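Please open the model in your viewer and keep the selection tool at hand. The tour moves from one selection to the next and says what is there.

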Amino acid sequence: MAELIEIKEEKEKVILVAVALADNDDTEESVDELAELVDTAGAETVGRVIQKRESYQPGTYIGKGKIAEVKELIAQTGASGIITDDELSPAQMKNLEAELETKVMDRTMLILDIFAKHADSSEGKLQVELAQLKYRSSRLVGMRSSMSRVSYGIGMRGPGEKKLEMDRRLIRDRISQLQSELKDMERNRETTRAKRLKNQTPTVAIVGYTNAGKSTLLNRLTGAGILEADMLFATLDPTTRSKTLESGQEVLFTDTVGFIRKLPHHLIEAFHSTLEEAGYADIIMHVVDSSNPMCDKQMHVVYETLRKLNINDKPVITVFNKQDLNFSGEKLKDLNCEASVEISAVTGAGIDELLTIIEKKLLERKKYYEAVIDYGNAGIIQQIRKNGQLIAEEYQADGILVKAYLPPELYYKLCPKPKEEW
């Protein structure tokens with residue numbers, strides 16, 4: 001009987017390289033996060049090199065001394081490449097490859113690779129491919145030599161080697177095609193969004209730093225059944241689910257892609273149509289990993305990203321999640337939000353309080369309505385139940401006395417007033 005031979009896929013080994021421009025900056029924490037990204041991509045970090053400099057070396061990112069140190073570390077560890085913590089210019093990437101004689105990647109390339117790995121929907125795949133092609137088109141010359149050294153691992157997902165070997169004209173044509181297909185999908189989303197607005201169903205957009213627990217929270221609130229994993233960018237494609245609150249009000253919860261420091265501008269551009277869902281929401285629910293010692297800086301990244309998307313005028317409820325893992329006992333604060341709550345999406349602690357706050361915030365946006373509806377128009381009451389908050393209904397001889405809180409759109413539909421009085 002032939003002996004079975006177990007074949008194990010060898011993990012790609014990489015060395016992390018970063019530049020610290022100040023003594024007290026967050027380079028160490030940023031490199032720690034880069035290591036998490038490497039783990040999410042399925043590779044292994046076997047070393048890290050951080051150089052303190054006043055500025056990045058224009059031609060090679062790091063200086064000659066550090067290049068020699070990295071080269072020696074590659075020989076010692078058997079690493080198949082390096083990953084820099086900052087986005088490299090085409091010249092820096094080409095020169096580093098020539099100096100180190102190994103595969104060179106940067107943080108942007110790594111994040112794009114993870115997105116390519118985790119994109120499930122057709123739109124997500126198209127968005128990732130568009131971002132990858134835009135990023136790589138200016139780096140084709142340097143990357144061809146890199147690909148000749150290794151045909152697996154980080155950077156080979158998505159468009160892949162075949163498409164990267166196309167000339168720039170073909171890449172431009174493909175980019176135009178992708179943009180056209182995504183425009184069609186965006187129009188479909190706008191149609192869906194218009195229907196939601198017409199139905200006056202309030203929407204809560206869930207935003208937050210990657211791995212803050214957004215998917216776990218959406219599952220807890222609505223039973224969405226989406227993937228939960230303790231890794232960066234575990235889920236990529238947005239999910240919308242409905243929930244009926246205790247008052248009878250139906251609410252849509254929309255998950256969004258996680259934010260991260262140094263989020264590649266190619267991704268913000270490619271995913272703009274998806275991320276802008278938050279701009280049409282009635283409430284922004286900002287989920288924070290309260291167990292992370294860097295949560296203050298992560299909160300800052302989220303607000304900066306929202307600012308780049310021109311989402312500044314929405315009420316924000318900050319949800320300090322993972323209280324079951326927060327052993328510091330420190331009371332966290334967010335000065336940018338209208339309300340905050342401490343929860344654990346895993347255990348369910350604080351969820352009832354969160355839902356109460358959501359109802360309260362939605363109620364603040366509503367107007368009090370009291371009227372007698374004749375029996376021939378009784379269908380209006382069902383509309384009020386779905387989109388407003390019905391407080392009382394009393395059957396009288398001349399009709400039904402209704403007391404309710406309604407969203408402005410429905411309120412002024414039932415009792416029109418000049419827009420200046422809205």
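Begin by selecting L110, which, apart from its neighbours within four places in sequence, is in contact (heavy atoms within 4.5 Å) with L34, L37, V38, A41, I83 and I154. Widen the selection to the largest nonpolar core, which has 65 residues, L37, I82, I83, L96, L110 and F233 being those with the most contacts inside it; such a core is a set of buried (under 20% relative accessible area, 1.4 Å probe, protein chains only) Ala, Val, Leu, Ile, Met, Phe, Trp, Tyr and Cys residues joined through side-chain atoms within 4.5 Å. Helix 4 (residues 107-118) gives the largest share of this core, seven residues, while a second, separate core of 26 residues includes I226, F253, I357 and L362.

This is a predicted model, in which local features need pLDDT (the predictor's confidence in each residue, from 0 to 100) of at least 70, side-chain atom pairs count only at pLDDT 80 or more, and totals for chains, interfaces and linings use all residues. Residues are numbered from 1 along each chain as its sequence is written, and side-chain values use heavy atoms, with hydrogens and water left out.

Next, select the open sheet of three strands, whose order is 11-13-12 with antiparallel pairing (at least two DSSP bridges between two strands). Strand 11 (367-373) and strand 12 (389-396) stand at the edges with a single partner strand each, so one side of each is left without a neighbour in the sheet. Seven bridges join strand 11 to strand 13 (residues 399-406), and Y369 stands opposite A404 in strand 13.

Finally, colour by pLDDT: the mean of the protein chain is 84, and confidence is lowest in helix 7 (residues 160-164), at a mean of 49.

Notes:
Helices (H or I, at least four residues) and strands (E, at least two) are DSSP runs, numbered from the N terminus. Buried means under 20% relative accessible area, exposed over 50%, partly exposed in between (1.4 Å probe, protein chains only).
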